[in-house]
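Please look over the chain shown below before reading on. The report that follows moves from its surface to its overall form and then to single residues.

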Amino acid sequence: MDYVSALLPPVVMAIFFTALVVVIVKSQGGPNKAKEDAAVDAALARAESTQQQGTPAP
């Protein structure tokens, strides 16, 4: 019975990690992808413009 208690935590963590990866992969893309990409592009453009003006980016 000791082997069950020894193997249980790694098995539970492996299942949790696999579920986390599946959720991350499924959340990529979809209908919000264009909106997320536009938000990132706008933030990068703001950072680049403030950096070119000589002021440090926030």
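A patch, as the word is used here, is made of residues with over 30% relative accessible area and no salt bridge, where like charges are joined within 9 Å and nonpolar side chains (Val, Leu, Ile, Met, Phe, Trp, Tyr) within 5 Å. A salt bridge in turn is a side-chain nitrogen of Lys or Arg within 4 Å of a carboxyl oxygen of Asp or Glu, and accessible areas come from the Shrake-Rupley method with a 1.4 Å probe, with only the protein chains shown counting as cover for residues.

The model is a predicted one, in which local features need pLDDT of at least 70 and side-chain atom pairs count only at pLDDT 80 or more, while totals for chains, interfaces and linings use all residues. Residues are numbered from 1 along each chain as its sequence is written, and side-chain values use heavy atoms, with hydrogens and water left out.

On the surface, Met1, Tyr3, Val4, Leu7, Val11 and Ile15 form a nonpolar patch that has about 670 Å² of accessible area together. For the chain, the accessible surface comes to about 5,300 Å², and 70% of this belongs to carbon and sulfur atoms.

The chain contains two helices and zero strands, these being DSSP runs numbered from the N terminus (helices are H or I of at least four residues, strands are E of at least two). Its radius of gyration, taken over C-alpha atoms, is 22 Å, whereas a compact globule of 58 residues would have one near 10 Å, by a rule of 2.2 Å times the number of residues to the power 0.38. Along the principal axes, the C-alpha atoms fill a box of roughly 65 × 30 × 10 Å.

Buried residues, meaning those under 20% relative accessible area, make up 0% of the 58 residues; exposed means over 50%, and partly exposed lies in between (1.4 Å probe, protein chains only). Three residues illustrate the other classes.

| Residue | Place | Relative accessibility | Class |
|---|---|---|---|
| Met1 | segment before helix H1 (2-27) | 74% | exposed |
| Pro9 | helix H1 | 46% | partly exposed |
| Asp37 | helix H2 (residues 33-52) | 36% | partly exposed |

Two of these residues also serve to gauge distances along the model. The C-alpha atoms of Pro9 and Gln52, which are 43 residues apart along the chain, are separated by 51 Å, and those of Asp37 and Pro10, 27 residues apart, by 36 Å.
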